[in-house]
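Okay, thanks for having me. I'll keep this short and walk you through one piece of the structure, then step back for the bigger picture.

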Amino acid sequence: MSTVRRLAPGPGDVELESLLDELRVAPVVEPFGDLALEACDAVARALFRDPAARSHPDLIALASWLRRPNTARLASEARSLGMRVPRGLAFHVPPANVDAITMYSLALSILAGNRNIVRLSSRAGVAAARICAALDEALGAPELAPIRAGTAILTWERELSATAVCSAACDVRLVWGGDETVRALRSLPVSPGAKDVSFIDRFSLAAISVDAWHATGERAREELARRLCNDAYWFDQQGCSSPRLVAWCGDPQRAASASEDLFARLAGALTARGYELPLGAVTAKLAWIAGAAIDRPLTRVRDHGNELSILTLSTLTGLDREHCGAGTFLEVTLPALADLAPHVSPRDQTLAVYGFPRAELERFVRLAGGRGVDRIVPFGEALSFDHRWDGMNLLTELTRQVTISTGHVALGSLALGSVALGSLAA
Amino acid sequence: MLDSLLERPPYSVPRHEKETLLCRRLAELTEHHRASCPAYAAVLAMLWSESPTPAQRLQDVPWLPVQLFKSHELRSIPDDAVFKVLTSSGTSGAATSRIFLDRESAGRQTRTLAGTMEALLGTQRRPMIVLDARETVRERRSFNARAAGILGMSTFGRDHFYALDADMRLRRAELHAWLGAHVGEPLFLFGFTFMVWRHFLGELAPGEIDLSRAVLVHGGGWKQLQAEAVGAAEFRERLTEITGLARVASYYGMVEQIGTVFLECERGRLHAPNAADILIRNPRTWEIQPDGTPGVIQVLSSLPTSYPGHSLLTEDLGTVLTRDRCGCGWLGAAVELHGRVPRAELRGCSDTHAAGLGAAA
């Protein structure tokens, strides 16, 4: 027996094995039914009420996402996907440093009607504590008892035994930790019938039409820089969706002046926000940039203080996706968006774009041929959570589809068919 | 020129003269490494194209982040000239620096260190106690920082006695016998700070041995002793109390600038030796901080010819308290250390997947 700490609902030490027994017999909740939607909405209300949560923009965005108008949209999308039933017990391993993912992952699974175990890292932050508190409060409502009975946010140290037990017991495992975590968890098997949903390390980029930039007015440029600031700096440019490379599409000289303009405005946005990197991140970045000067085909390096460095590449050929984050932009100039397609790698996740007509984006996706890029978004939406993530629809991943066929085949022909099969076998 | 710095008595070169000589030497080294180390030349071309060449002031000498020696192999000598490869100790799992020395630079760093150590030990080689196990230095092919430190320091002593056995236990009987054979002689003790504290001092009864004619040099920092909350003052007091040690000196140095160590003077300050200097940089503007103001330490050394390590931005924080005016009488920048730049825990994640949140406008 292993003792683990339950953080929510109902904090305290629990025996993992008996908890699993309880979860197994927890009431089945209707997928995308009213109870599941209410549970999410109750968590949203608790977050909105929590003054400590209000200072976290990511929790506010999470709370909005958990509200009924949004979950009702998800429910209607799910209903359009055929008859969906829960997978059973879901085991979530959210990332250590991006707390809100914990709740997105859990909420989608509650909506899908699953029972859930979440293993929260001991490094999880303040936002995770607010999520646990909100969950504890929300699921205290008597009518949500069935969901409370099927939900457990746990934490344990790095010992593998509890992780192994949960992996063996679950029907679907969601691993958000990046390559290393995925690799570590792969060594702990899930049961043969269970599904592994893994989120690996990704790289994200932005593409800007040079002509469109020059045709854009002053205020809109300022707004674009502000949005890029959100996209890139919210997670110190360490999020998988944070843009790290800017591809300028168009004339090289006009691209150079557009680049000067954009990054000067970005520097202004950073100053306005009072954004400052910790010194350790700055010294690590200085070393990374010096290394890039040795290893990468750079033509120029410039900076706007500690928080923003721009490394101009002469080519994307051979570009690995190693990157130090912390306000470091690689940039390259290409004749057109289509010229980015040959360089797309499976690491590439989000492409934030400005100034391309939809047809050009679709052409780019066709040219990239599925090698990479799962999402194309406007500036400012790189970090918005979506239930379609890394090329998967989580509504589908978290449910099973049941098909029912009735009535179209007459009984007589069915019997004949059996006879025919029988004679074949003979 | 280099000789004029190296052959002077330790801590005797006045600031103005030192800066003039050092600046010329460092500018030469910059050109030497630019010509001999393509990786270094690439860094200069990309990051230092606007800096004046040759540098007219110490602060204009281009620097490399010291961590670059962990991620990249940087050397200015061909394969067949490599005589020794030094590695930094580093915590387990962390990348280690690799420093390439040819015969000439290995010899030069030993001579330079000897010149500096004279300030503490005089010119006669003293009987020496190494507060470590002989086994630590047995594996001669991989010179980690601890072994390199011991071997480097060993050249300044004679009749060496390793005070610990392979299990880090005090060889008490042998120690008493060795001390008995050296009664009345000036002694030299060397060890790493936490080894001295944990495996030597912790084992001794007050008055058990008499080290009143000995000098202890210790290094490696206080990190391992943080859990025991031992500071420099207590360390020194306990040593004096238990062994009667006359002089205790720590030092500041790194494998990336082997040979130039900053010794602690009797006032407890670390002094830049003749062949080296220190600059303190503002962590936001990277301009030079005025003396007395803390910042990030940049170290300058006139020694490295086999690898481009003559000007390095460290990950250490410190303050230059005074130059040439320390009450101890030693010349050179007198420094106080404030520890390491803390490792940054960024909000996102380098090894963990950070997925999106609505920071959308």
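**Strand 7 and its neighbours**

So, strand 4 of chain A, residues 89-93, pairs with strand 7 of chain A in the parallel sense, over 4 bridges. Keep in mind that we're looking at a predicted model here. If you want one pair to click on, take V93(A): its bridge partner in strand 7 of chain A is V175(A).

Now, what about strand 8 of chain A, residues 195-198? Strand 8 runs parallel to strand 7 of chain A, and 4 bridges join the two. Here the pair to look at is R173(A), whose bridge partner in strand 8 of chain A is D196(A).

And how does the chain get from strand 7 to strand 8? Helix 10 of chain A, residues 179-186, goes with these two strands to make a right-handed β-α-β unit.

Let's look at the side chains. In a regular strand they alternate between the two faces of the sheet. In strand 7 of chain A, residues 172-175, V172(A) and L174(A) point one way, while R173(A) and V175(A) point the other. Buried or exposed? All of them are buried, and yes, that includes R173(A).

Okay, over to chain B, as a whole this time. Its secondary structure comes to 10 helices and 14 strands. The radius of gyration of chain B is 21 Å, close to the 21 Å from the globule rule for 361 residues, so chain B is as compact as a globular protein of that length. Along the principal axes, its C-alpha trace spans about 70 × 55 × 45 Å. Buried residues make up 47% of the 361 in chain B. And for contacts in chain B between residues at least 6 apart in sequence, 70% join residues at least 24 apart.

Definitions and conventions
Residues numbered from 1 in each chain as written. Chains lettered and ligands numbered in written order. Predicted model: local features only at pLDDT ≥ 70, side-chain atom pairs only at ≥ 80, totals over all residues. Buried ≥ 20, exposed ≤ 12 C-beta atoms within 10 Å, placed from the backbone. Pairing = 2+ DSSP bridges. Right-handed = clockwise from strand over helix to strand, strands pointing away. Rg over C-alpha atoms; globule rule 2.2 N^0.38 Å. Contact = placed C-beta atoms within 7 Å.
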